[in-house]
Amino acid sequence: MNILVSCVTSETVIRGSRFIAELLPCTTQAEARALLKRQKERYADATHVCHAFVLGPNAEILGMSDDGEPSGTAGRPMLDVLKGHGCTNILLTVTRYFGGTLLGTGGLVKAYGGSAKDVLEKADEQNAFELLVAKQTFTLTVAYSVYDELKRFLSNFHVYDLQESFATEISIKGQIRQDEAESFSARVFDMTNGKTKPVFSSGTD
């Protein structure tokens, strides 16, 4: 399962109608709603802003809307394309500016589904996806005397979103791949002569 890590846009004109397809990374339904609201505000003059999203580590959270297009002609084909791509944590919007020619239900399904395929192909070309990896959040506190050694040691692991706070001691927070957590903990414990052990909480990105 892959997750989207950067925004991607593509545009198609079909019989005068302009279709703007955009992929946006998101992790929750609340975030998807907020992004969709922003898209609708951004394209307030558009005829339709249709959407579909897939969320969750197992792509178990789904949503879609035709936004005024005939039922089943926009959101459903967009969602079907997303599901077929093996991706999650992604919001797809397709914004339509009507060009004066009706496309019919079959034409709409083809237009929205095709727009979804085009923007996903572009995302693949731009390496906008990465493998979904289970991660654990960790926190630890170390003395200044071992900080430089710890920083060098961290480069041996897949560490994300590192945050550091400097006070009497140094507090470090971040995420590490779940399959590296046990080894990471043992190495920190050894490095600090048993004085420090990371505290973990589960999380998936």
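**View 1. Helices and strands of the predicted chain.** Five helices and 12 strands make up the secondary structure of the chain. The model is predicted. Among contacts between residues at least 6 apart in sequence, 67% link residues at least 24 apart.

**View 2. Overall dimensions.** The C-alpha trace spans about 75 × 30 × 25 Å along its principal axes. The radius of gyration of the chain is 22 Å, whereas a compact globule of 205 residues would have one near 17 Å.

**View 3. Surface and charge.** The chain has an accessible surface of about 10,600 Å². Carbon and sulfur atoms account for 48% of that surface. Of the 205 residues, 44% count as buried. The chain carries 21 positive and 25 negative charges, and the mean positions of the two sets lie 3 Å apart.

**View 4. The largest nonpolar core.** This core holds 27 residues. L23, L82, I90, L92 and Y112 touch the most other members. At least two core residues come from each of β3 (17-25), β4 (48-55), α2 (75-84), β7 (90-97) and α3 (104-125). Helix α3 gives the largest share, seven residues.

**View 5. Surroundings of L92.** Neighbours within four places in sequence are left aside here. L92 is in contact with A21, E22 and L23. Its other contacts are C50, H51, A52, M78, L82, A116 and V119. L23 and L82 are, like L92, among the residues that touch the most other members of the largest core.

**View 6. A second core.** A separate nonpolar core has 16 residues. Among them are Y147, F157, I172 and F184.

Terms used. Residues numbered from 1 in each chain as written. Predicted model: local features only at pLDDT ≥ 70, side-chain atom pairs only at ≥ 80, totals over all residues. Heavy atoms only, no water. Helix = DSSP H or I, 4+ residues; strand = E, 2+ residues; numbered from the N terminus. Rg over C-alpha atoms; globule rule 2.2 N^0.38 Å. Buried < 20%, exposed > 50% of the residue type's maximum accessible area, 1.4 Å probe, protein only. Contact = heavy atoms within 4.5 Å. Areas by Shrake-Rupley, 256 points an atom, 1.4 Å probe, with all protein chains shown as cover. Lys, Arg positive; Asp, Glu negative; His and termini not counted. Charge placed at Lys NZ, Arg CZ, Asp CG, Glu CD. Core = buried A, V, L, I, M, F, W, Y, C linked by side-chain atoms within 4.5 Å.
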